[in-house]
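Visitor: I am new to this structure and would love a close look at one part of it. Could you pick a helix, show me what it rests on, and then lead me onward from there?

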Amino acid sequence: MIKKILIANRGEIALRVMRSCYEMGIRSVAVYSTADRTSRHVLFANEAECIGGAASSDSYLNVDHIIEAAKKHNVDAIHPGYGFLSENADFARRCEEEGIIFIGPRPETMETMGDKISARKKMKEAGVPVVPGTEQPLQSAEEALRVAKEIGFPVMLKASMGGGGKGMRLITREEDVEEMFEAARGEAISGFGDDTVYIEKFVEEPHHIEFQILGDKMGNVVHLYDRECSVQRRHQKIVEESPSPFIDYNLRMEMGAKAVAAAKAVNYVGAGTIEFLVDKYHHFYFLEMNTRLQVEHPITEEVVGVDLVKEQIRIADGQQLRFRQEDLRQHGHAIECRICAEDTDHDFMPSPGVIQQLTVPQGIGTRVDSHCYSGYEIPMNYDPMIGKLIVWATTREYAIERMRRVLYEYKITGLTTNIRYLRRIIDVPDFKNGNYNTHFIERNQERLKPRVGFKNDAEPMAVIAAYIDYLMNVEENKPHNAGEDNTAISRWRAFGLQKGVLRV
């Protein structure tokens, strides 16, 4: 049995995995860079090991350092989380060679599904609908133009090894093909070390809907239903919800069956995600498979009632799935917002710094997955995500109401966050009505612009309170005798003077 797990990741996801380990009676080992020495995942773990400098290449992407730490702490298994090495087939293979269980799919599966062209072929063979496009890598801009004409504009040029929107170009005119082809290849080689690109027909007004799947080593596969991930900026998800408000019961069942077929086609083991594009006519197409845990997995856990990390560990330990497809149901509605240290008023620039004060929302149906605390410094070396705010309620309407409340309650000072931007998203009529697709952000730019007034809620309120408190202290501490000054210096006044915003 697995008794000790090293989590080859950092921050929020490392802490989330450790919590499941604790509940299962499994010891956890944290690894950390010099920039993450005070991160909460390090403090929570049973054991911890520094594996290098702040740069990811020196620490969280350094396979040798991670394996050395695993051996030193005598772990049974490694959980990769998401990002970093989570979809690195060479890392999974190295774990196997060292006699360490890799909590994830087989390396061969990662390689097959990580290559978008080979994944498309596999899906077509399994009867899963794919977007019309090329079956072989494009060799030249001339070939790209010929294929684009055959398919019909608009088309999407994509990097075969890409992800997260990198290496993607939307082409609407013939004269743009050559320039876009070279740009996509250049971005692909710099981002993924592989300049292979291919073309797909562009799906108009698409919804990005994904299905969570689990597969064990005995060949059993189930899906845990859908997540709507269409609120995106530059192909990066911002808000997700489950179930999707766009698809109906029959389409949900059909897509779920195809997701299971896709996983079985590659003998999938562990937790994974089949991503689909669904057009305005409710036609759906395979997009890609993520061979790891997703950032947005908590909303599935909330509506289906399954701890996905625990299931990952049980599957890696050789256990059979504990439920059948007919045992799984969706209950209620869940929404997730990604809380990030970024300035949404200035092109979403990262905003690293020290969190001076943190008030985490509480109450029924509220979950916060975060590694941060008051006094914690968000390092500039990694993704600026502070955490994930998840709500659950019996209906979508109630879930939106709850998310509006908890976003108001969530207070972070000392750095700039996207909380106010998320509040505006939740209030957009298209979102409230469930009438949105992947063009939601661009179509609602005016509504999402900052409102006139204070940029940050907390500090202006503190300044106002400081001045009122000062006036009250002046009144209460008036001198009793001529020439006597007993005026108290309150903490609010001190705050205002320290910030340089009070002149008294």
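Guide: Let's start with what the buried residues of α3 pack against: strands β1 (4–7), β2 (27–33), β3 (47–52) and β4 (77–79), together with helix α4. Please keep in mind that this is a predicted model. Helix α3 covers residues 63–72, and its buried residues are I66, I67, A69 and A70. Looking down the axis of α3, you would find these buried residues within an arc of 160°, so they line one face of the helix. Turn to the other side of α3 and you meet E68 and K72, which are exposed.

Two of those partners, β4 and α4, lead us to the next stop. F84 sits in the loop between β4 and α4. With a relative accessibility of 29%, F84 counts as partly exposed, because that class lies between the 20% limit for buried and the 50% limit for exposed. The backbone is worth a glance here: F84 has a positive phi of about 45°, although it is not a glycine. For background, most residues other than glycine have a negative phi.

From that loop we can step onto α4 itself. Helix α4 (residues 89–97) packs with helix α5 (residues 107–114) at an angle of about 175°, and their axes are 8 Å apart. That angle makes α4 roughly antiparallel to α5, because it is over 145°. On the α4 side, the contact is made by A89, A92, R93 and E96; on the α5 side, by P107, E108, M110 and E111. Sorted by character, the residues of this contact are four nonpolar and four charged, with no polar ones.

You may like to compare α3 with another helix that has a buried face. Helix α12 (residues 396–409) has 14 residues and reaches 20 Å from its first C-alpha to its last, close to the 20 Å expected at 1.5 Å a residue. Its buried residues are R396, A399, I400, R402, M403, V406 and L407. Seen down the axis of α12, they fall within an arc of 165°, so they line one face of the helix. E397 and Y408, on the other side of α12, are exposed. The cover over the buried residues of α12 includes strands β11 (236–242), β14 (333–340), β19 (366–370) and β21 (385–393), as well as helices α13 (419–427) and α14 (429–432).

Several of those covering elements have loops to visit. Begin with α13: L415 lies in the loop between β22 (411–413) and α13. L415 counts as buried, because its relative accessibility of 7% is under 20%. Beyond residues up to four places away in sequence, L415 touches A341, S351, P352, G353, V354, I355, I378 and I386. Take V354 from that list: L415 and V354 are 61 residues apart along the chain, yet their C-alpha atoms are separated by 6.8 Å.

Next comes α14. The loop between α14 and α15 (440–443) holds T438, a residue that is buried with a relative accessible area of 17%. Leaving aside neighbours within four places in sequence, T438 is in contact with P206, H207, H208, S230 and Q232.

H207 belongs to the range of strand β9 (residues 207–215), and F211 lies in that strand too. At 0% relative accessibility, F211 counts as buried. Apart from its neighbours within four places in sequence, F211 contacts H223, Y225, D226, R252, M255, G256, A259, G272, T273, I274 and F276. One of these partners, I274, is 63 residues from F211 in sequence and 5.3 Å from F211 in space, C-alpha to C-alpha.

Finally, let's return to the backbone. The loop between β11 and α9 (249–265) contains P243, and the peptide bond joining S242 and P243 is cis, with omega about 0°. A second cis peptide bond runs from F153 to P154, with omega near 0°; P154 lies in the loop between α7 (141–151) and β6 (155–159). As a general point, most peptide bonds are trans. One more positive phi completes the walk: H282 has a value of about 70° although it is not a glycine. H282 is found in the loop between β12 (270–278) and β13 (284–290), where its 32% relative accessibility counts as partly exposed.

How values were computed
Residues are numbered from 1 along each chain as its sequence is written. This is a predicted model: local features need pLDDT of at least 70, side-chain atom pairs count only at pLDDT 80 or more; totals for chains, interfaces and linings use all residues. Side-chain values use heavy atoms; hydrogens and water are left out. Axes are lines fitted to C-alpha atoms, for helices over the stretch in contact, and angles run from 0 to 180 degrees between N-to-C directions. Helices (H or I, at least four residues) and strands (E, at least two) are DSSP runs, numbered from the N terminus. Angles under 35 degrees count as roughly parallel, over 145 as roughly antiparallel, 65 to 115 as roughly perpendicular and the rest as oblique. Contact means heavy atoms within 4.5 Å. Ala, Val, Leu, Ile, Met, Phe, Trp, Tyr, Cys and Pro count as nonpolar, Asp, Glu, Lys and Arg as charged, and the others, Gly among them, as polar. The expected span of a helix is 1.5 Å times one less than its number of residues. Buried means under 20% relative accessible area, exposed over 50%, partly exposed in between (1.4 Å probe, protein chains only). The arc is that of the directions from the helix axis to the C-beta atoms.
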